[in-house]
Amino acid sequence: MSTLIFGHKAPDTDSTGSPLIWAWYLNHIKDQHAEPVLLGEPNTEAAFMLERWNLPKPRIIDDVEDDQAAIIVDTNNPAELPANINNADVQAIIDHHKLVGGLETKGPIDITVRPVACTATIMYELIGKDVAQMPNEIKGAMLSCILSDTLAFRSPTTTQADEALAWGLAKDLDLDPHEYADELFAAKSDVSAFSDAELLRMDSKEYAVDGTKFRVSVLETTKPAIILDRKASIMDTMSTVASEDGVDQVLLFVVDILNEEATMLVPNDLTKSVAEKSFDASVSGDTVVLPGVMSRKKQIIPNLKL
């Protein structure tokens, strides 16, 4: 049976690229049969990466069967994984997020969780000397993942390991990492084809605070006005998405990559309270700008308060 490799639902660039990277390693270096798969349609930036590096789009799966061999990357949160994940044969986890708990495995597994900005950085370290055999398309995926997760080194999650690796990969590929990042972010910013509900789910994670369940959505863009011009309809859709997804409230943060700030939508008293208590913000309208806020993992979720 082939081992399936996948990241989280609503796959971004790291959750699309990292399964491809690790499948290459297992198939071509370790002589193991592995297949990268996705848990949903990749976002526009991830789709650009696949096309730019001529990489096949992995097939999309809805769930996993009992005893299906699997490797989880870029998450360890059961809420972001297939419903039947605890009945699969999870063999390894490679991740850079905090441990959430709730996953059950059939035996001891390999777990690598490191405090870097990107799963691909960890994979490079794990592959070791065999990176010398890595083809350019896999290097391109790895570079894309790092530039995306670090927001071209602007994110506070960026480590020296992430940045050094990105510059090394860019040199190998004869690219300027900042120029290539601009291409990635332009693709990420093109969200005109997506519905409001799709935008709210595009890059989101479920998180509970004192029993209140949130869908914490982040849209990283170089053109925030494209999204904020739709704020009225997006806010109207928040309650529908919350109801359909079984959470109490959707929180949306529009991250302006170039100005290094986030705009939080404030449609009601609950979100106003969250903004004021979590970020010491003064809210007077239906949005609030949060200077310096770039990272959901490091700056948004750890600070959420009711």
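Buried means under 20% relative accessible area, exposed over 50%, and partly exposed in between. The exercises below apply these classes to a predicted model.

**Exercise 1. Positive phi outside glycine**

Determine where Asn54 lies and whether Asn54 is buried or exposed.

*Solution.* Begin with the backbone: Asn54 is not a glycine, yet its phi is positive, at about 55°. Next, place the residue: Asn54 belongs to the loop between helix H2 (44-52) and S3. Finally, apply the cut-off: Asn54 counts as exposed because its relative accessibility is 69%.

Carry out the analysis for Asp280 and the neighbouring helix residue Glu276.

*Solution.* Asp280, also not a glycine, has a positive phi of about 50°. Its position is in the loop between H10 and strand S11 (287-291). With a relative accessible area of 74%, Asp280 is exposed. Glu276 is a residue of helix H10 (residues 269-279). Glu276 has a relative accessible area of 31% and is therefore partly exposed. When residues up to four places away in sequence are set aside, Glu276 touches Ala281 and Val283. As for long separations, 38 Å lies between the C-alpha atoms of Glu276 and Met142, which are 134 residues apart along the chain.

**Exercise 2. Cysteines**

State how many disulfides the structure holds, and examine Cys118 and Cys145.

*Solution.* The count of disulfides is zero. For Cys118, the nearest cysteine sulfur is that of Cys145, 5.0 Å away, and Cys118 is in no disulfide. Cys145 is likewise in no disulfide, its nearest cysteine sulfur being that of Cys118. The reasoning rests on the cut-off: a disulfide requires the two sulfur atoms to be within 2.5 Å, so a pair 5.0 Å apart does not qualify. Turning to accessibility, Cys118 is buried at 0%. Cys145 is also buried, with a relative accessible area of 0%.

**Exercise 3. Salt bridges between separate elements**

Of the 16 salt bridges in the whole structure, analyse the one between Glu35 and Arg59.

*Solution.* First, the distance: the closest N and O atoms of Glu35 and Arg59 are 2.6 Å apart. Second, the elements: Glu35 is in strand S2 (residues 34-38) and Arg59 in strand S3 (residues 59-60), and the pair links distant parts of the chain, 24 residues apart. Third, the exposure: Glu35 is partly exposed at 22% relative accessible area, and Arg59 is partly exposed at 45%.

Explain why the salt bridge of Glu244 and Arg201 ties together separate parts of the chain.

*Solution.* The two side chains meet with an N to O distance of 2.8 Å. Glu244 is in helix H9 (residues 231-245), whereas Arg201 is in helix H7 (residues 196-202), so the pair ties together parts that are 43 residues apart in sequence. Glu244 counts as exposed, with 55% relative accessibility, while Arg201, at 27%, is partly exposed.

Identify which residues form a network of salt bridges with this pair.

*Solution.* The network links Arg201, Glu206, Arg215, Glu244 and Asp245. One of the pairs to consider is Glu206 with Arg215, whose side chains meet in a salt bridge at 3.1 Å, N to O. Within that pair, Glu206 is partly exposed at 32% relative accessibility, but Arg215 is buried at 11%.

**Exercise 4. Nonpolar residues inside and at the surface**

Establish which residues have the most contacts inside the largest nonpolar core, and describe the surroundings of Leu304.

*Solution.* The largest nonpolar core has 67 residues, and those with the most contacts inside it are Trp22, Phe253, Met264 and Leu304. Leaving out residues up to four places away in sequence, Leu304 touches Tyr207, Val209, Val216, Leu251, Val274, Ser278 and Phe279. Another core, of 17 residues, lies apart from the largest one and has Ala197, Met202, Met235 and Val241 among its members. In soluble globular proteins, nonpolar side chains tend to be buried together.

Find which residues make a nonpolar surface patch, and locate Val113.

*Solution.* Leu99, Ile111 and Val113 make a nonpolar surface patch of about 290 Å². Val113 is placed in strand S6 (residues 110-113). Its relative accessibility is 32%, so Val113 counts as partly exposed.

How values were computed:
Residues are numbered from 1 along each chain as its sequence is written. This is a predicted model: local features need pLDDT of at least 70, side-chain atom pairs count only at pLDDT 80 or more; totals for chains, interfaces and linings use all residues. Side-chain values use heavy atoms; hydrogens and water are left out. Patches are made of residues with over 30% relative accessible area and no salt bridge: like charges are joined within 9 Å, nonpolar side chains (Val, Leu, Ile, Met, Phe, Trp, Tyr) within 5 Å. Accessible areas come from the Shrake-Rupley method with a 1.4 Å probe; for residues, only the protein chains shown count as cover. A salt bridge is a side-chain nitrogen of Lys or Arg within 4 Å of a carboxyl oxygen of Asp or Glu. Helices (H or I, at least four residues) and strands (E, at least two) are DSSP runs, numbered from the N terminus. Buried means under 20% relative accessible area, exposed over 50%, partly exposed in between (1.4 Å probe, protein chains only). A nonpolar core is a set of buried Ala, Val, Leu, Ile, Met, Phe, Trp, Tyr and Cys residues joined through side-chain atoms within 4.5 Å. Contact means heavy atoms within 4.5 Å.
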